[in-house]
Amino acid sequence: MHPELTGAQALTRVLLGESVRHVYGIVGGKLSPLLHAVSQEPALRYIGTRHEAAGPMMAAATYAATGRLAVAPVSYTHLRAHETPEHL
């Protein structure tokens, strides 16, 4: 029997398949399983930020400087009641 992958492990394989090497963001919350899976992949480097807006900017800068995709996973748990993802 083959060992089963978690969703987070499967996502890290997809990221590696797309040549992603950098993941930016804030540790914790709902993203913990993904960040744990990223920490288990030597080819992926997680770089923590102090503000959630910094991660996407850093990923964009990585692409602008190198032409390689980078990711900044975020959670919508911090939205105010009147905000929705469509407003971002």
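This report describes a predicted model, taking in its nonpolar core, helix H1, the residue Ser19 and the residue Thr62.

## Nonpolar core

The largest nonpolar core has 8 residues: Ala8, Leu15, Val20, Val23, Leu34, Ala37, Val38 and Leu44. Two elements, helix H1 (7-17) and helix H2 (32-39), each give two or more residues to this core. The most comes from H2, which gives 3 residues. In soluble globular proteins, nonpolar side chains tend to be buried together.

Leu44 is a member of this core. Leaving aside residues up to four places away in sequence, Leu44 touches Thr12, Leu16, Val20, Arg21 and Val38. Of these neighbours, Val20 and Val38 also belong to the core.

## Helix H1

Ala8, Thr12 and Leu15 are the buried residues named for H1. Viewed down the axis of H1, its buried residues fall within an arc of 60 degrees, so they line one face of the helix. An α-helix has 3.6 residues a turn, so residues three or four places apart point the same way.

The buried residues of H1 pack against H2. On the face of H1 turned away from the buried side are the exposed residues Gly7, Arg13 and Gly17. Ala8 and Leu15 are also listed in the largest nonpolar core, and Thr12 is among the residues touched by Leu44.

## Ser19, after H1

Ser19 is found in the loop between H1 and strand S1 (22-25). Its position is just after H1, and there it takes a positive phi of about 65 degrees. Most residues other than glycine have a negative phi. Ser19 has its positive value although it is not a glycine.

Is Ser19 buried, exposed or partly exposed? With a relative accessible area of 34%, Ser19 is partly exposed. The next residue named in the core list is Val20, and Val20 is in contact with Leu44.

## Thr62 in helix H3

Thr62 lies in helix H3, which covers residues 54-66. Its relative accessibility is 11%, and because buried means under 20%, Thr62 counts as buried.

Which side chain makes a polar contact with the side chain of Thr62? The partner is the side chain of Tyr24, at 2.6 Å. Tyr24 also appears among the residues that Thr62 touches, a set made up of His22, Tyr24, Gly67, Arg68 and Ala70 when residues up to four places away in sequence are not counted.

Key:
Residues numbered from 1 in each chain as written. Predicted model: local features only at pLDDT ≥ 70, side-chain atom pairs only at ≥ 80, totals over all residues. Heavy atoms only, no water. Core = buried A, V, L, I, M, F, W, Y, C linked by side-chain atoms within 4.5 Å. Buried < 20%, exposed > 50% of the residue type's maximum accessible area, 1.4 Å probe, protein only. Helix = DSSP H or I, 4+ residues; strand = E, 2+ residues; numbered from the N terminus. Contact = heavy atoms within 4.5 Å. Polar contact = N/O pair within 3.5 Å; in protein donor to acceptor, adjacent residues only side chain to side chain. Arc of directions from axis to C-beta.
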